[in-house]
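User: I should like to study a structure by question and answer. Please begin with any term that I shall need.

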Amino acid sequence: METRRSDRRPARDPAAPPRPPGPPPGEARLREAAVAHLARFATTEAGLRRVLQRRVDRWARAAEAFGMDGIAQLVAAAKQAAALVARQMAASGSVDDAAFAESRARRLRRSGRSRRAALAHLAQKGVAAETAAAALPEGEAAEMEAALALCRRRRLGPFGDPAAPPEARLKALATLARAGFARGTAEAALRLDPGEAEDRLLAFRRG
């Protein structure tokens with residue numbers, strides 16, 4: 001019987017010397033990487049810049065493993081190119097921090113994130129504080145809706161066991177507090193009638 005040749009590449013010998021890393025990623029290669037990333041993921045200008053700069057960091061590690069000297073200037077120039085590509089993508093509209101913030105904010109609220117937690121999440125993604133604040137609704141009603149969404153996910157309060165012992169309420173309050181909800185919002189969400197809680201969540205999701 002004829003043996004079929006495998007299409008897989010042979011495993012690299014770990015004892016073999018490291019391969020030459022090639023030139024550092026320039027603007028053209030970084031732009032290609034940016035387009036490929038944006039085709040799969042939504043991100044911010046800062047997020048895209050970090051992705052591209054990590055690519056430069058990978059090249060730097062490969063260059064160091066190969067024994068290349070004097071790469072600091074090459075790395076610095078490549079990271080400047082990464083920042084430039086990210087700015088150009090934002091200027092062209094391929095990256096839109098405000099649109100990203102609005103889309104992510106809706107998802108965060110429906111998953112039960114408090115405004116404070118959502119602001120922290122957006123900041124971590126590189127969204128400016130003003131842009132993040134504009135994307136998130138303010139007020140007690142909005143916080144109550146997000147708190148109820150968390151209660152539904154974690155089966156707390158109106159969505160929990162009505163026969164739960166008294167200490168379950170304290171644990172539920174602690175859960176909501178850790179999620180960033182104020183004490184008043186947490187208590188109001190936990191004592192809400194189950195039918196009213198369901199109605200409010202349904203209206204929230206439809207809105």
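Analyst: A residue is called buried when its relative accessible area is under 20%, exposed when that area is over 50%, and partly exposed in between. The model shown here is a predicted one.

User: Which residues of α2 are buried?

Analyst: The criterion is a relative accessible area under 20%. The buried residues of α2 pack against α1 and α3. The residues of α2 that meet the criterion are Ala-46, Gly-47, Leu-48, Val-51, Leu-52, Val-56, Trp-59, Ala-60 and Ala-63.

User: How far does α2 reach from its first C-alpha to its last?

Analyst: The helix has 22 residues, and at 1.5 Å a residue the expected reach is 32 Å. The C-alpha atoms at the two ends of α2 give a value close to this, namely 32 Å.

User: Which residue takes a positive phi just after α2, and which does so just after α3?

Analyst: Most residues other than glycine have a negative phi. Just after α2, a positive phi of about 95° belongs to Gly-67. Just after α3, a positive phi of about 90° is taken by Gly-93.

User: What span should helix α3 have, and how far apart are its end C-alpha atoms?

Analyst: Helix α3 covers residues 72-92, which makes 21 residues. The expected span is 1.5 Å times one less than the number of residues. The helix should therefore span 30 Å, and its end C-alpha atoms agree with this, being 30 Å apart.

User: What covers the buried residues of α3?

Analyst: The residues to be covered are Val-75, Ala-78, Ala-81, Ala-82, Ala-83, Val-85, Ala-86 and Met-89. An α-helix has 3.6 residues a turn, so residues three or four places apart point the same way. The cover of the buried residues of α3 includes α1 (27-40) and α2 (45-66).

User: Which helix gives the most to the largest nonpolar core?

Analyst: This core has 22 residues, and those with the most contacts inside it are Leu-148, Cys-151, Leu-176, Phe-181 and Leu-190. At least two of its residues come from each of α7 (140-154), α8 (166-178), α9 (183-190) and α10 (194-206). With seven residues, the helix that gives the most to this core is α7.

User: Beyond four places in sequence, with which residues is Phe-181 in contact?

Analyst: Phe-181 is among the residues with the most contacts inside the largest nonpolar core. Once its neighbours within four places are left aside, Phe-181 is in contact with Gly-112, Arg-113, Ser-114, Glu-143, Ala-146, Ala-147, Leu-150 and Leu-176.

User: What is the volume of the largest pocket?

Analyst: The pocket is lined by 15 residues, of which Gly-157, Asp-161, Ala-164, Ala-168 and Arg-169 lie nearest its centre. The lining divides into 10 nonpolar, two polar and three charged residues, and α8 gives the most to it, with four. The volume of the largest pocket is about 270 Å³.

User: Which helix supplies the largest share of the lining of the largest cavity?

Analyst: The structure holds one cavity of 30 Å³ or more, and the largest cavity has a volume of about 50 Å³. Its lining consists of Arg-109, Arg-113, Ser-114, Arg-115, Ala-118, Leu-136, Pro-137, Ala-142, Glu-143 and Ala-146; by class, these are five nonpolar, one polar and four charged. At least two lining residues come from each of α5 (115-124) and α7. The largest share, three residues, comes from α7.

User: Is Arg-109 buried or exposed?

Analyst: Arg-109 is found in helix α4 (residues 97-110). Leaving aside neighbours within four places, Arg-109 is in contact with Leu-136, Pro-137, Ala-142, Glu-145, Ala-146, Ala-149 and Phe-204. The relative accessible area of Arg-109 is 14%, under the limit of 20%, so Arg-109 is buried.

User: What is the relative accessible area of Arg-110?

Analyst: Arg-110 is also found in helix α4. Arg-110 is classed as partly exposed because its relative accessible area falls between the limits of 20% and 50%, at 41%.

User: Is Arg-155 buried or exposed?

Analyst: Arg-155 is found in the loop between α7 and α8. Although it is not a glycine, Arg-155 has a positive phi of about 55°. Its relative accessible area is 65%, over the limit of 50%, and therefore Arg-155 is exposed.

Definitions and conventions. Residues numbered from 1 in each chain as written. Predicted model: local features only at pLDDT ≥ 70, side-chain atom pairs only at ≥ 80, totals over all residues. Heavy atoms only, no water. Core = buried A, V, L, I, M, F, W, Y, C linked by side-chain atoms within 4.5 Å. Buried < 20%, exposed > 50% of the residue type's maximum accessible area, 1.4 Å probe, protein only. Contact = heavy atoms within 4.5 Å. 1 Å grid on protein atoms, 1.4 Å probe; cavity = no way out; pocket = protein on both sides within 12 Å on 5 of 7 lines; lining within 4 Å. Points joined across faces, edges and corners; volume = space filled by probe spheres on them. Nonpolar A, V, L, I, M, F, W, Y, C, P; charged D, E, K, R; others polar.
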